[in-house]
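Trainee: I would like to go through the charged side chains of a protein. May I see the structure before we begin?

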Amino acid sequence: MTVTLGRRRIAAFALFFLPGLAMASWVTRTPDVRDLLGASTGRMGLVLFGLSVGSMAGILCSGPLVARWGARPVIAAGTLATAAGSGVIGLGAAAGTDAVVALGLGLIGLGMGGGEVALNVEGAEVERLLGRSALPAMHGFYSLGTVVGAVGGMILTAISFPVLWHLAVVAAVVLAVLVPMIRYVPSGVGRRTVSGSDTHTQASARPAVWREPRLLLIGGIILALAMAEGTANDWLPLVMVDGHGFDPALGSAVYAAFAASMTVGRFAGGRFIDRYGRAAALCASAVIGAVGIALVILVDNQAVAAAAAVLWGIGASLGFPVALSAAGDSGDNSAARVSLAATVGYVAFLVGPPSLGHLGEQFGLRNALFLVLILVVAASFATPAARTASPARTP
């Protein structure tokens with residue numbers, strides 16, 4: 001089947017939407033899951049470690065799998081794992097079993113860590129063929145998925161709808177969208193065919209990518225801003241509930257506002273990037289995000305905390321997709337560079353939840369956010385690495 005570029009872009013939008021929907025649906029129910037498990041902050045950090053382990057397994061396997069088989073089967077397998085993980089979390093919460101919830105989170109992490117690396121390889125290729133910024137809009141659909149999931153979760157939390165049935169419906173929706181959309185992802189994107197005579201050349205070239213200072217700086221920017229995004233995904237409702245005194249439904253509403261601000265930032269950011277360039281967009285993102293996180297930490301006022309979550313979302317919105325675009329344009333073999341940069345960025349999902357859970361147990365969740373704030377401030381100084389000779393423009 002011949003796939004047009006327009007259909008590929010629509011399929012990418014839909015496939016980016018699904019993990020956002022699944023993640024936000026789980027996140028908005030974290031207070032309910034915590035209560036069903038009877039878990040402390042420290043125990044929740046250990047449960048969230050399942051997400052970290054799954055994410056790292058997914059991202060470490062994804063690059064080689066994409067190189068061997070192409071992005072399409074990796075996207076399909078990752079999305080299936082995400083759907084399965086949602087259902088398993090619901091079962092674990094209903095049973096009050098930490099290990100089952102951690103297993104479900106591991107499946108979501110595996111699916112998102114592996115599938116999203118492959119999705120970004122496909123998205124970067126579509127952006128290259130279009131000749132203008134497209135990855136921010138694709139990640140905007142991920143954020144749109146988080147908005148839909150967060151609003152749905154907020155409503156279902158308010159009416160005390162069972163977590164099990166909520167997440168079962170989410171799993172069914174993910175499968176229903178995956179089946180028709182995956183066929184519009186062409187086979188072979190990102191796959192590297194290596195002859196016997198080229199095997200040594202490829203093996204020797206691979207470490208050189210890891211040693212490139214510019215690419216590693218871009219990876220560092222991704223790590224910091226992805227950790228800012230991931231921290232909100234994992235902890236923002238609990239920060240609002242435990243750190244600022246919101247009730248669970250309002251805590252979910254603040255997360256929905258965060259997700260909405262990320263969505264607006266990603267859909268509106270393309271023009272800013274095309275006009276001012278990637279480095280300026282990343283620097284502005286880091287500064288705005290740092291201001292938002294600092295206000296959440298330092299100001300003991302619910303209205304300020306809610307407004308700060310919006311700044312946090314705007315700041316985190318462009319970091320991951322814009323830095324991935326910069327990584328893809330930093331040299332030859334764009335797919336390998338995007339895969340490497342995404343892998344470095346997804347490390348945030350390994351170190352973030354358990355480390356913040358441990359710090360939160362010792363010092364409180366609001367104070368634990370200082371770690372994220374420091375990383376985001378440091379990233380603002382690394383943004384010149386994303387500079388290009390001229391901003392990408394629509395032909």
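Mentor: What follows concerns salt bridges and where their partners lie. This is a predicted model, in which local features need pLDDT of at least 70, side-chain atom pairs count only at pLDDT 80 or more, and totals for chains, interfaces and linings use all residues. Residues are numbered from 1 along each chain as its sequence is written, and side-chain values use heavy atoms, with hydrogens and water left out.

Trainee: How many salt bridges are there?

Mentor: The count comes to seven, where a salt bridge is a side-chain nitrogen of Lys or Arg within 4 Å of a carboxyl oxygen of Asp or Glu.

Trainee: Which residue meets Arg34 in a salt bridge?

Mentor: Asp242 does, at 3.4 Å from N to O. The two are 208 residues apart, with Arg34 in helix α2 (residues 30–37) and Asp242 in helix α9 (residues 213–244). Helices here are DSSP runs of H or I with at least four residues, numbered from the N terminus.

Trainee: Which network includes Arg34?

Mentor: Salt bridges link Arg34, Asp35 and Asp242 in a network.

Trainee: Changing topic, is Glu229 buried or exposed?

Mentor: Glu229 is buried, at 7% relative accessibility; buried means under 20% relative accessible area, exposed over 50%, and partly exposed in between (1.4 Å probe, protein chains only). Its salt-bridge partner, Arg266, lies 3.1 Å away, N to O.

Trainee: And what is the relative accessibility of Arg266?

Mentor: Arg266 has 1% and counts as buried.

Trainee: What about Asp300, buried or exposed?

Mentor: Asp300 is exposed, at 65%, whereas Arg366 is buried, at 15%. Their side chains form a salt bridge of 3.3 Å, N to O.
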